[in-house]
Amino acid sequence: YIILDKRIAFTTNKAINTNKTIGQMPEQTRIGNIILASLLLCRSMGNPNRAQAQNSWNRDEEQAVESQTRQLQSSVLPSSLTLSPNLVEFGNYGAMFYVRALGDITVTSMHIYTRTIVKGAPVQVYTRPGKYIGFEGSAAGWSKIYDNPSLELLGQDINTKLIGLDVSISPGAFGSFFIWSPNEKIQYNPGTTEGALYSSNSYIEFYEGAGVRGIFTNSPDDITAPVVMRGIIKFDVMITEEPSTPEPSEICPGGVEVRVHVITDDYPGETSWILTNTCTGAIQEISPLYNDDFTEHVNSYCVPSADYTIEFKDKWGDGICCEEGPCYHRRLSG
């Protein structure tokens with residue numbers, strides 16, 4: 001009753017034209033008003049006008065609470081884009097390119113290919129906002145975001161992962177990248193036009209760039225263009241939406257419809273889950289076989305009304321988040 005009485009006490013204070021709120025009153029005054037509010041509530045039960053006013057107040061408060069809870073919700077969707085898949089014997093010590101964000105994205109890693117397999121090679125990654133063209137020979141505006149003095153390069157057939165990047169690009173904005181390894185050649189393919197759109201998906205556009213032989217040397221002889229970087233760029237997409245109001249399930253009369261959302265990583269077949277009814281201990285549902293990486297899978301099930309636990313498993317045992325991708329997430333609704 002305490003919570004109920006405090007809420008009514010606020011209404012009562014306004015009704016009796018008191019300038020102070022409950023929080024500003026002395027302790028004795030607050031107690032007196034709370035008791036008064038309780039008495040008024042009891043008396044209002046026999047007064048239709050007061051009861052109607054109280055019901056109206058309750059409805060207004062419920063609508064206010066609902067309005068506050070229906071705020072925009074954000075979720076992160078891991079995604080990736082293959083830059084150039086072709087194996088061609090071209091490369092240089094550095095490569096520059098730029099992308100354009102079609103959504104609110106954060107670049108998290110890059111997978112590159114190198115001419116040879118080498119242990120202990122230094123690799124650096126730089127970024128700058130906008131397009132790199134005109135800034136190939138100047139360090140001004142570039143920020144170093146990756147610096148590994150001893151990285152194992154895996155050659156032409158297996159990509160080398162440059163993880164731990166954190167570059168946010170707003171929707172519609174361009175962002176440039178410069179990958180540099182002074183001792184080993186980073187692979188790319190011949191392009192058609194520097195700055196031409198090469199590939200894209202719903203969230204990002206990738207443009208043809210340039211090969212670089214020296215780091216910020218400002219020498220035209222050190223630039224080879226156009227080229228197409230060979231590899232993969234991985235990023236997170238921030239998706240913001242208003243929560244939808246679930247409609248009554250037509251496929252689950254007498255039960256509860258449960259939807260399981262899973263976004264897989266690089267090895268989707270290793271991901272599985274079990275939905276268990278904790279009231280009976282029985283296994284209610286098990287996951288399907290996931291085949292597509294970096295894909296959101298949604299499955300719906302009709303289950304009895306009860307308490308449930310959902311357990312996610314990774315066959316390889318390295319967990320839901322590792323260097324094999326930005327990780328997957330899971331969501332249970334219903």
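# Briefing: strands, cores and two buried residues

Ser84 is placed in the loop that runs between strand S1 (73-82) and strand S2 (91-92), and this briefing starts there before turning to the strands and cores of the protein. The model is a predicted one. In secondary structure, the protein comes to three helices and 20 strands, and of its 334 residues, 37% count as buried.

**Ser84, a residue in a loop**

- Ser84 has a relative accessibility of 1%, and because buried means under 20% relative accessible area, this residue counts as buried.
- The side chain of Ser84 makes a polar contact with the side chain of Asn189, at 2.4 Å.
- When neighbours within four places in sequence are left aside, Ser84 is in contact with Asn189, Tyr198, Val228, Met229, Arg230 and Gly231.

**Leu77, a residue in strand S1**

- Leu77 lies in strand S1, and with a relative accessible area of 14% it is buried.
- In sequence, Leu77 and Asp236 are 159 residues apart, yet in space they are 5.5 Å apart when taken from C-alpha to C-alpha.
- Asp236 is also among the residues that Leu77 touches, and the others are Tyr203, Phe235, Val237, Ile239 and Ile263, with residues up to four places away in sequence not counted.
- For the protein, residues 24 or more positions apart account for 79% of the contacts that have a separation of 6 or more.

**Strand S3 and its partners**

- Strand S3 (residues 94-101) has seven of its eight residues buried, so this strand is largely enclosed by the rest of the structure.
- With strand S8 (residues 174-180), S3 pairs in the antiparallel sense over seven bridges; within this pairing, Tyr98 stands opposite Ser176, and Ala95 stands opposite Ile179.
- S3 is also joined to strand S12 (residues 209-212) by three bridges, and these two strands run antiparallel, with Met96 standing opposite Ala210 in S12.
- A further three bridges join S3 to strand S11 (residues 204-207), again in an antiparallel arrangement, and here Ala101 stands opposite Ile204.

**Strand S8 and its link to S5**

- S8 is mostly covered, since six of the seven residues in this strand are buried.
- Besides its pairing with S3, S8 pairs with strand S5 (residues 117-129) in the antiparallel sense, over six bridges.
- In the pairing of S5 with S8, the bridge partner of Pro129 is Gly175.

**Nonpolar cores**

- The largest nonpolar core has 35 residues, and those with the most contacts inside this core are Phe97, Val107, Ile179 and Met229.
- Apart from that core lies another one, of eleven residues, including Met96, Tyr132, Trp142 and Trp180.
- Ile179, which stands in S8 opposite Ala95, touches Tyr93, Gly94, Ala95, Phe97, Met110, Ile112, Gln124, Val125, Leu162, Ile186 and Met229, when residues up to four places away in sequence are not counted.
- Met229 appears in two of these descriptions, as a residue in contact with Ser84 and as one of the residues with the most contacts inside the largest nonpolar core.

**An open sheet of three strands**

- Three strands form an open sheet in the order S17-S16-S19, and their pairing is antiparallel.
- Strand S17 (283-286) and strand S19 (308-314) stand at the edges, where each has a single partner strand, so one side of each is left without a neighbour in the sheet.
- On average, neighbouring strands of this sheet are turned by 20 degrees against each other, if direction is ignored.
- Strand S16 (residues 271-277) is joined to S17 by three bridges, with the two strands running antiparallel, and the bridge partner of Thr276 in S17 is Ile283.

**The surface**

- The accessible surface of the protein comes to about 18,500 Å², and 51% of this surface belongs to carbon and sulfur atoms.

Technical notes. Residues are numbered from 1 along each chain as its sequence is written. This is a predicted model: local features need pLDDT of at least 70, side-chain atom pairs count only at pLDDT 80 or more; totals for chains, interfaces and linings use all residues. Side-chain values use heavy atoms; hydrogens and water are left out. Buried means under 20% relative accessible area, exposed over 50%, partly exposed in between (1.4 Å probe, protein chains only). Helices (H or I, at least four residues) and strands (E, at least two) are DSSP runs, numbered from the N terminus. Two strands pair if DSSP finds at least two bridges between them. A nonpolar core is a set of buried Ala, Val, Leu, Ile, Met, Phe, Trp, Tyr and Cys residues joined through side-chain atoms within 4.5 Å. Contact means heavy atoms within 4.5 Å. A polar contact is a pair of N or O atoms within 3.5 Å; within protein, one must be able to donate a hydrogen and the other to accept it, and residues adjacent in sequence count only if both atoms are side-chain atoms. Accessible areas come from the Shrake-Rupley method with a 1.4 Å probe; for residues, only the protein chains shown count as cover. Axes are lines fitted to C-alpha atoms, for helices over the stretch in contact, and angles run from 0 to 180 degrees between N-to-C directions.
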